[in-house]
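Colleague: Got a minute to go through this one with me? Put it up and let's start with the sheet and one of its side chains.

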Amino acid sequence: MSATKLRARGLGLPLLGTPGPWNAITDVPGVEVGFATLTELANTPGDTQIYTGVTAILPRGHNPRPLPVWAGQFDLNGNGEMTGTHWIHDAGYFIGPICLTNTHSVGIVHQAAVRFMIETYTEQFRTHHSWAMPIVAETYDGLVNDICGLHITEQ
(Lines give C-alpha, C1' and ligand atoms only; values in the text may rest on other atoms or scores of the structure.)
Protein backbone atom coordinates (compact mmCIF):
# COMPACT_ATOMS: atom_id res chain seq x y z
CA MET A 1 0.00 0.00 0.00
CA SER A 2 1.46 3.38 -0.98
CA ALA A 3 0.93 6.51 1.07
CA THR A 4 0.08 9.60 -0.96
CA LYS A 5 -0.27 13.16 0.23
CA LEU A 6 -3.71 14.62 -0.22
CA ARG A 7 -3.97 17.79 -2.27
CA ALA A 8 -6.14 20.76 -1.26
CA ARG A 9 -9.38 19.44 -2.78
CA GLY A 10 -8.68 16.00 -1.28
CA LEU A 11 -8.59 17.68 2.13
CA GLY A 12 -12.04 19.16 1.49
CA LEU A 13 -10.98 22.77 0.83
CA PRO A 14 -13.74 24.49 -1.18
CA LEU A 15 -11.75 25.75 -4.19
CA LEU A 16 -13.48 27.30 -7.18
CA GLY A 17 -13.08 25.89 -10.67
CA THR A 18 -12.30 22.46 -12.03
CA PRO A 19 -8.75 21.15 -12.09
CA GLY A 20 -7.21 20.08 -15.39
CA PRO A 21 -6.18 16.51 -16.16
CA TRP A 22 -2.89 16.83 -14.21
CA ASN A 23 -4.16 19.29 -11.56
CA ALA A 24 -1.05 21.34 -12.37
CA ILE A 25 -0.02 24.76 -13.63
CA THR A 26 0.84 23.17 -16.98
CA ASP A 27 -2.86 22.40 -17.48
CA VAL A 28 -3.33 26.12 -18.24
CA PRO A 29 -3.13 26.62 -22.02
CA GLY A 30 0.04 28.43 -23.09
CA VAL A 31 1.89 28.10 -19.79
CA GLU A 32 5.31 26.45 -20.04
CA VAL A 33 7.47 25.29 -17.13
CA GLY A 34 11.12 24.29 -17.18
CA PHE A 35 13.70 23.55 -14.54
CA ALA A 36 17.36 22.80 -13.95
CA THR A 37 18.47 20.83 -10.91
CA LEU A 38 22.06 20.70 -9.68
CA THR A 39 22.93 17.68 -7.55
CA GLU A 40 26.13 16.46 -6.02
CA LEU A 41 25.08 14.34 -3.09
CA ALA A 42 27.24 13.95 0.00
CA ASN A 43 28.86 10.53 0.34
CA THR A 44 29.36 10.75 4.08
CA PRO A 45 27.81 12.91 6.80
CA GLY A 46 29.43 16.33 6.90
CA ASP A 47 30.41 16.35 3.21
CA THR A 48 29.34 19.34 1.14
CA GLN A 49 26.14 18.59 -0.73
CA ILE A 50 24.70 20.47 -3.69
CA TYR A 51 20.96 20.01 -4.16
CA THR A 52 19.47 23.14 -5.65
CA GLY A 53 18.17 24.58 -8.89
CA VAL A 54 15.92 26.97 -10.76
CA THR A 55 12.34 26.61 -11.97
CA ALA A 56 11.16 28.98 -14.71
CA ILE A 57 7.54 29.58 -15.65
CA LEU A 58 6.65 31.29 -18.91
CA PRO A 59 3.02 32.40 -18.43
CA ARG A 60 2.64 33.14 -22.17
CA GLY A 61 4.92 30.35 -23.35
CA HIS A 62 7.39 31.20 -26.09
CA ASN A 63 5.20 33.97 -27.51
CA PRO A 64 7.08 36.07 -30.10
CA ARG A 65 5.94 39.28 -28.35
CA PRO A 66 6.15 40.15 -24.65
CA LEU A 67 2.55 40.17 -23.42
CA PRO A 68 1.39 41.24 -19.94
CA VAL A 69 -0.10 38.87 -17.38
CA TRP A 70 -2.49 40.17 -14.71
CA ALA A 71 -0.96 39.55 -11.32
CA GLY A 72 -1.31 39.99 -7.59
CA GLN A 73 1.07 39.24 -4.75
CA PHE A 74 0.59 38.21 -1.12
CA ASP A 75 3.14 37.79 1.69
CA LEU A 76 2.45 34.67 3.71
CA ASN A 77 5.13 35.25 6.30
CA GLY A 78 6.89 38.38 5.04
CA ASN A 79 10.29 36.72 5.06
CA GLY A 80 10.84 35.61 1.46
CA GLU A 81 12.41 37.75 -1.25
CA MET A 82 10.55 38.29 -4.53
CA THR A 83 11.61 40.76 -7.21
CA GLY A 84 9.04 42.73 -9.16
CA THR A 85 6.42 42.96 -6.41
CA HIS A 86 6.41 46.76 -6.32
CA TRP A 87 5.52 46.82 -10.02
CA ILE A 88 2.80 44.20 -9.51
CA HIS A 89 1.28 46.30 -6.69
CA ASP A 90 1.51 49.47 -8.79
CA ALA A 91 0.39 48.19 -12.21
CA GLY A 92 -1.40 44.91 -11.46
CA TYR A 93 0.52 43.03 -14.14
CA PHE A 94 3.99 41.95 -15.18
CA ILE A 95 5.76 40.86 -18.35
CA GLY A 96 8.29 38.06 -18.40
CA PRO A 97 9.13 34.83 -16.65
CA ILE A 98 8.55 33.79 -13.06
CA CYS A 99 11.59 32.06 -11.59
CA LEU A 100 12.03 30.19 -8.33
CA THR A 101 15.47 29.49 -6.82
CA ASN A 102 17.36 29.41 -3.55
CA THR A 103 17.81 32.41 -1.28
CA HIS A 104 21.36 33.28 -2.32
CA SER A 105 20.66 32.92 -6.06
CA VAL A 106 17.90 35.52 -6.52
CA GLY A 107 20.33 38.08 -7.97
CA ILE A 108 21.98 35.82 -10.55
CA VAL A 109 18.63 34.35 -11.63
CA HIS A 110 17.19 37.86 -12.01
CA GLN A 111 20.19 38.81 -14.18
CA ALA A 112 19.74 35.68 -16.31
CA ALA A 113 15.99 36.32 -16.70
CA VAL A 114 16.64 39.93 -17.79
CA ARG A 115 19.18 38.68 -20.35
CA PHE A 116 16.63 36.09 -21.58
CA MET A 117 14.01 38.81 -22.02
CA ILE A 118 16.37 41.19 -23.86
CA GLU A 119 17.61 38.44 -26.17
CA THR A 120 14.13 37.00 -26.78
CA TYR A 121 12.39 40.33 -27.40
CA THR A 122 15.31 42.31 -28.87
CA GLU A 123 13.20 44.65 -30.99
CA GLN A 124 10.89 45.50 -28.09
CA PHE A 125 13.82 46.39 -25.85
CA ARG A 126 16.07 48.11 -28.41
CA THR A 127 13.48 49.96 -30.50
CA HIS A 128 10.78 50.74 -27.91
CA HIS A 129 13.11 51.35 -24.95
CA SER A 130 11.35 48.74 -22.79
CA TRP A 131 12.63 47.62 -19.41
CA ALA A 132 12.63 44.14 -17.90
CA MET A 133 11.26 43.26 -14.47
CA PRO A 134 11.02 39.48 -14.18
CA ILE A 135 9.61 37.87 -11.06
CA VAL A 136 12.20 35.91 -9.08
CA ALA A 137 11.20 34.31 -5.79
CA GLU A 138 13.36 32.48 -3.30
CA THR A 139 13.08 29.54 -1.01
CA TYR A 140 15.66 28.50 1.57
CA ASP A 141 17.32 25.21 0.68
CA GLY A 142 20.26 25.55 3.05
CA LEU A 143 19.35 22.44 5.05
CA VAL A 144 19.90 20.17 2.01
CA ASN A 145 22.22 22.32 -0.10
CA ASP A 146 25.56 24.12 0.21
CA ILE A 147 23.67 27.41 -0.18
CA CYS A 148 26.78 29.55 0.40
CA GLY A 149 28.58 27.81 -2.49
CA LEU A 150 26.69 29.99 -5.01
CA HIS A 151 26.33 27.08 -7.43
CA ILE A 152 23.63 28.68 -9.62
CA THR A 153 25.06 30.56 -12.61
CA GLU A 154 23.50 32.49 -15.50
CA GLN A 155 23.97 29.48 -17.75
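Modeller: Sure. One term before we start: a polar contact here is a pair of N or O atoms within 3.5 Å. And keep in mind that this is a predicted model.

Colleague: OK. Which polar atom lies 2.9 Å from the side chain of asparagine 102?

Modeller: The backbone nitrogen of histidine 104, and its partner is a polar atom of the asparagine 102 side chain.

Colleague: Where is asparagine 102 placed?

Modeller: In strand β5.

Colleague: Buried or exposed?

Modeller: Asparagine 102 has a relative accessible area of 3%, and the cut-off for buried is under 20%, so it counts as buried.

Colleague: What does asparagine 102 touch further away in sequence?

Modeller: Leaving aside neighbours within four places, its contacts include Thr52, Gly53, Glu138, Thr139 and Asp141. Asn145, Ile147 and Ile152 are on that list too.

Colleague: Switching to the sheet: what's the strand order?

Modeller: β1-β2-β5-β6, four strands in an open sheet with mixed pairing. The edges are β1 (32–40) and β6 (135–139), each paired on one side only. On average, neighbouring strands are turned by 15° against each other, ignoring direction.

Colleague: And how many bridges join β5 to β6?

Modeller: Five, and the two strands run parallel. For example, isoleucine 98 has isoleucine 135 in β6 as its bridge partner.

Colleague: Which strands does helix α2 touch?

Modeller: Helix α2, residues 106–120, packs on the sheet against β2 (50–58), β5 and β6. The direction of α2 makes about 155° with that of β5.

How values were computed:
Residues numbered from 1 in each chain as written. Predicted model: local features only at pLDDT ≥ 70, side-chain atom pairs only at ≥ 80, totals over all residues. Heavy atoms only, no water. Pairing = 2+ DSSP bridges. Axes fitted to C-alpha atoms, helices over the stretch in contact; angles between N-to-C directions. Contact = heavy atoms within 4.5 Å. Buried < 20%, exposed > 50% of the residue type's maximum accessible area, 1.4 Å probe, protein only. Polar contact = N/O pair within 3.5 Å; in protein donor to acceptor, adjacent residues only side chain to side chain.
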